[in-house]
Amino acid sequence: MLVNAANMLKKARDGRYAVAQININNLEWTKAVLQTAEELKSPVILGVSEGAAKYMTGFSTVAAMVRAMDAGLNISVPVALHLDHGSYEASKACIDAGFTSIMFDGSHFSIEENTEKTRELAEAAHAKDLSIEAEVGSIGGEEDGVIGAGEIADPGQCSLIASLGIDFLAAGIGNIHGVYPSNWQGLDFDALEKINGATNQIPLVLHGGTGIPEEMIKKAISLGVAKINVNTECQLTFAAATRKYIEDGKDKEGKGFDPRKLLAPGVEAIKQTVREKIILFGSDNKA
């Protein structure tokens, strides 16, 4: 069932676990995530970047697909359809397109402009019963054209943005999108603790969940992280499984691949990745 993400993340914060946000890119990925969440009786957030939405022909198409699939698969666990790293314009479009949650990424603006736009979008989102995530301190790396320098968020700025009526907050603590380099210094838990204290324990979001060691994940959850985003790992496992299927020469008769068979190994790889993350984050059987 499609819901906004506010209540599921409050429950996660209080229960000391995190809800997985898995970014989707097509019908097959969406089906895989929904089926795995249902299997584990876990709430889940379907993240949609602007690039992925464009590939799937727009926000309205994505919303219609997810709603139809949620009903068609008889999904009983809470599911939020969430804009990931949205611009001001995309955030407004998703409010009207049938999404149940948005992220406005104003981290590249001045704190004054970030505040102004976040306040406006929070009011618009809540008027239609959507939840809203905001960001302070850009997340490092690149994801679907969104580039961040990997800043450590200022607790005072986090407190200001958290006071605007948002439902959860992404704050940079040394996390990055994509694959972590060998010289990565790890998460800044001192900063996370200060941010948690400065924001009245608003549910916090950890972007760049691929490759963060298990002990860091668990410590981040203990310090207020209630949502963890995973995208790159699904992309990598999907690509590897698909490549192996082709290289193994399954099309021995030369009749061409059935696209459903071609994609099947990748879909199973995504399911396994999502299963592992949901269990690691502790949200299995928490719906």
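Let's begin with what packs over helix 11. In this predicted model, the cover on the buried residues of helix 11 includes strand 1 (19-23), helix 2 (27-40), helix 9 (214-222), strand 10 (225-230) and helix 10 (232-247). The residues being covered are Gly266, Val267, Ala269, Ile270, Lys271, Thr273, Val274, Lys277, Ile278 and Phe281, which are buried in helix 11. As a rule, residues three or four places apart on an α-helix point the same way, because there are 3.6 residues a turn.

Helix 11 itself takes in residues 259-281, 23 residues in total. From its first C-alpha to its last, helix 11 reaches 33 Å, close to the 33 Å expected at 1.5 Å a residue. There is a bend along the way, though: helix 11 turns by about 30° at proline 265.

Both ends of helix 11 are worth a look. At the start, aspartate 258 has a side-chain oxygen that comes to within 2.9 Å of the backbone nitrogen of arginine 260. At the other end, helix 11 is followed by glycine 282, and the phi of glycine 282 is positive, near 85°.

Now zoom in on lysine 277, which sits in helix 11. Is lysine 277 buried or exposed? Lysine 277 counts as buried because its relative accessibility is 10%, and the cut-off for buried is under 20%. Setting aside neighbours within four places in sequence, lysine 277 touches Gly209, Val230 and Glu233. One of those partners, Glu233, turns up again among the buried residues of helix 10.

For a contrast, try lysine 219 over in helix 9. Lysine 219 has a relative accessible area of 42%, so it is partly exposed. Its C-alpha is separated by 20 Å from that of valine 274, and the two residues are 55 apart along the chain.

Next comes helix 10, one of the elements covering helix 11. Helix 10 has 16 residues that should span 22 Å at 1.5 Å a residue, and its end C-alpha atoms are 22 Å apart, so the two values agree. Buried in helix 10 are Thr232, Glu233, Cys234, Phe238, Ala241, Thr242 and Tyr245. Strand 1, helix 2, strand 10 and helix 11 are among the elements that cover them. After helix 10 you reach glycine 249, which has a positive phi near 70°.

Time for the strands. Strand 1 is mostly covered, with five of its five residues buried. Val19, Gln21 and Asn23 are on one side of strand 1, Ala20 and Ile22 are on the other, and both faces are covered. Strand 2 (residues 44-48) is mostly covered too, again with five of five residues buried. Here Val44, Leu46 and Val48 point one way, while Ile45 and Gly47 point the other way.

How are these strands joined up? The table lists three parallel pairings, each with a residue pair from it.

| Strands | Bridges | Residue pair |
|---|---|---|
| Strand 1 and strand 10 | Four | Isoleucine 22 and valine 230 |
| Strand 1 and strand 2 | Three | Glutamine 21 and isoleucine 45 |
| Strand 2 and strand 3 (79-83) | Five | Valine 48 and leucine 83 |

Some names in the table have come up before. Valine 230, the bridge partner of isoleucine 22, is also in contact with lysine 277. Helix 2 belongs in this picture as well: strand 1, helix 2 and strand 2 make a right-handed β-α-β unit.

Finally, let's visit two loops. Most residues other than glycine have a negative phi. Threonine 57 is not a glycine, yet its phi is positive, about 75°. You'll find threonine 57 in the loop between helix 3 (50-55) and helix 4 (59-72). Threonine 57 counts as exposed because its relative accessibility is 62%, and the cut-off for exposed is over 50%.

Which loop holds glutamine 201? Glutamine 201 lies between helix 8 (189-198) and strand 9 (204-206). Glutamine 201 has a positive phi of about 60°, although it is not a glycine. With a relative accessibility of 48%, glutamine 201 counts as partly exposed.

Technical notes. Residues numbered from 1 in each chain as written. Predicted model: local features only at pLDDT ≥ 70, side-chain atom pairs only at ≥ 80, totals over all residues. Heavy atoms only, no water. Expected span 1.5 Å × (residues − 1). Bend = angle between axes of the 7 residues up to and from the residue. Buried < 20%, exposed > 50% of the residue type's maximum accessible area, 1.4 Å probe, protein only. Contact = heavy atoms within 4.5 Å. Polar contact = N/O pair within 3.5 Å; in protein donor to acceptor, adjacent residues only side chain to side chain. Pairing = 2+ DSSP bridges. Right-handed = clockwise from strand over helix to strand, strands pointing away.
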